[in-house]
Amino acid sequence: MGEKTSSTFNVWQLTCFGLLTTPLAMGGLAMAMYLPTYYAVDMGIGLGLVGGIFVFGRLLDIVTDPLIGHWSDGTKSRFGPRKPWMIVGILGFSISVYMFLAPPDSIGPLYLIIASGFYFLFYTILDVPYSSIGLEISPHVHERSLLASSKALFQVVGAIFAAALPFILGYSTGDALNLLAFVIIGLCFLGLALIFAFVPIPVRHITSPRLTTINAFKSVLADRRYRYLVGTFFIVQAANSLVAGLLVLYVTYIVEAPELVGLFLGVLMLSSAVFLPLWIYISKRYSKKTSWMTAIILCTLALALVPLIGRGDIVGALIISIIVGSTFGSDAIMPTSMLADLVYEKEQEGSRPLAGLYLAVKNSVSKLSFVVPMGLAFPVLGYIGFEKSGADDPNAKATFFLFYTGLPMLLRLLALYVLKIGPDFRVEAKPIEAVG
């Protein structure tokens, strides 16, 4: 490979790059939707203990993500810094997926701790280097949005497939998880093989001295634009976690259509994928920052209409869910694409490659944003007995809307303000030297 100054990836290569996201998304959906109840109820471990183990695993991710990112940045090999980690990651992830999703008939808390711990660790070892490649492989400004969109699209495909599979086949939860384990493992190896075979990955031979962990963190956090980007991302993700996390309660107790929970979840995910071309068009026509700000405004306006939806207003609720879901696509791809721009510019300036750490800190912020708000909303709603009174109690209903619409709107307005006063994230496309 020589210099690359324009679009370099065709549809097939974008497909090969994004496919690995599908099994990762399937595992994430299974962990969020099926596994807590399966281990707590079917395997008899108990809700409290299972919840504690899962929360600890997520908090562990906040520590391991940046470390793996930093270590993969500094790895020296003839294949580049990312591929060795991905190979180790896929082997460990495959074993842990089988342990986690297809446990023996009789297990206890210790088994869950070990299986989930290995799952979270090897998921990070595979995902962080893989996602870091997406920040490094293209010098073309708008192509970085296409790479991020490819991952976002295949993430939706994986989540929908994992959510629908038990219902399509009529399997029990245990049988469905067992099948999912084999599908995830197969798609992981297929996705990795396609990346290695068809995606042009530059091999950056690192010659500069390795940064210590502390100095690497200082270097990343010293970037003012990165702090603004990650700060805004955290605020938006916190808002989204409230909306997505409380959607089931909204459909069940406000719209009073519990049988349609699956439909609403599917609409939310599908709309995030369907509207990806719109956000890419706006980013190309104006800027990525403008595209993201437009999505923030649109979602805020849609959330303002939610309290107007009453009992049985399924059509109205679905329309709003489509609008809100459509903005999730911009929330996913624009920050990632903007981050790729910053990483590319840093490398052009001669800085040591730190894409893994840049991305891993962003991942940690994303995971933290999903822990903190939900730790606030659910305890309060549980304390006031919302699941018993629902929309019949005006105070309980008002409290629910505070978390489902009020706080997310305020957070998005704060994010809009931060983006408005923040720096310009645009960079110019320049040639990049690549070997391999």
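**Note on a predicted all-chain model: helices, cores and three residues**

1. Helix H6 is a convenient place to begin, because at 1.5 Å a residue its 28 residues should span 40 Å, and the 41 Å between its end C-alpha atoms agrees with that expectation. H6 is also mostly covered, with 20 of its 28 residues buried. Please keep in mind throughout that this is a predicted model.

2. Turning to the overall fold, the protein chain contains 17 helices and zero strands. A compact globule of 436 residues would have a radius of gyration near 22 Å, and the protein chain, at 22 Å, agrees with this. Along the principal axes, its C-alpha atoms fill a box of roughly 65 × 50 × 40 Å.

3. On burial and surface, 56% of the 436 residues in the protein chain are buried, while the chain exposes about 18,200 Å², of which carbon and sulfur atoms supply 69%. Among contacts in the protein chain with a separation of 6 or more, 85% are accounted for by residues 24 or more positions apart.

4. The largest nonpolar core has 75 residues, and those with the most contacts inside it are Tyr250, Trp292, Val324 and Phe400. Helix H10, which covers residues 224–254, gives the most to this core, with 16 residues. A second, separate core of 60 residues includes Phe9, Leu101, Ala159 and Ala360.

5. Which residues is Trp292 in contact with, leaving aside its neighbours within four places in sequence? The partners include Leu229, Thr232, Phe233 and Val236, and also among them are Ser330, Asp331, Met334, Pro335, Met338 and Leu419.

6. Ser138 sits in the loop between helix H6 (109–136) and helix H7 (141–169). Is this loop residue buried or exposed? With a relative accessible area of 1%, Ser138 is buried, because the cut-off for that class is under 20%. The side chain of Ser138 makes a polar contact of 2.5 Å with the side chain of Glu143, and a polar atom of the Ser138 side chain lies 3.1 Å from the backbone nitrogen of His140. Leaving aside neighbours within four places in sequence, Ser138 is in contact with Thr8, Phe9, Glu143, Arg144, Leu147 and Tyr344; one of these, Phe9, is also included in the second core.

7. Asp61 belongs to helix H4 (residues 47–73), and at 1% relative accessibility this acidic side chain's residue counts as buried. The C-alpha atoms of Asp61 and Leu121 are separated by 7.4 Å, although the two residues are 60 apart along the chain. Beyond its neighbours within four places in sequence, Asp61 is in contact with Pro66, Phe120, Thr124, Ser364 and Lys367. With one of these, Thr124, there is a polar contact of 3.4 Å between the side chains.

8. Glu256 deserves a look at the backbone, since its phi is positive, at about 60°, although it is not a glycine. Most residues other than glycine have a negative phi. Glu256 is placed in the loop between H10 and helix H11 (261–274), and at 38% relative accessibility it counts as partly exposed.

Notes. Residues are numbered from 1 along each chain as its sequence is written. This is a predicted model: local features need pLDDT of at least 70, side-chain atom pairs count only at pLDDT 80 or more; totals for chains, interfaces and linings use all residues. Side-chain values use heavy atoms; hydrogens and water are left out. A nonpolar core is a set of buried Ala, Val, Leu, Ile, Met, Phe, Trp, Tyr and Cys residues joined through side-chain atoms within 4.5 Å. Buried means under 20% relative accessible area, exposed over 50%, partly exposed in between (1.4 Å probe, protein chains only). Helices (H or I, at least four residues) and strands (E, at least two) are DSSP runs, numbered from the N terminus. Contact means heavy atoms within 4.5 Å. A polar contact is a pair of N or O atoms within 3.5 Å; within protein, one must be able to donate a hydrogen and the other to accept it, and residues adjacent in sequence count only if both atoms are side-chain atoms. The expected span of a helix is 1.5 Å times one less than its number of residues. The radius of gyration is taken over C-alpha atoms; the globule rule is 2.2 Å times the number of residues to the power 0.38. Accessible areas come from the Shrake-Rupley method with a 1.4 Å probe; for residues, only the protein chains shown count as cover.
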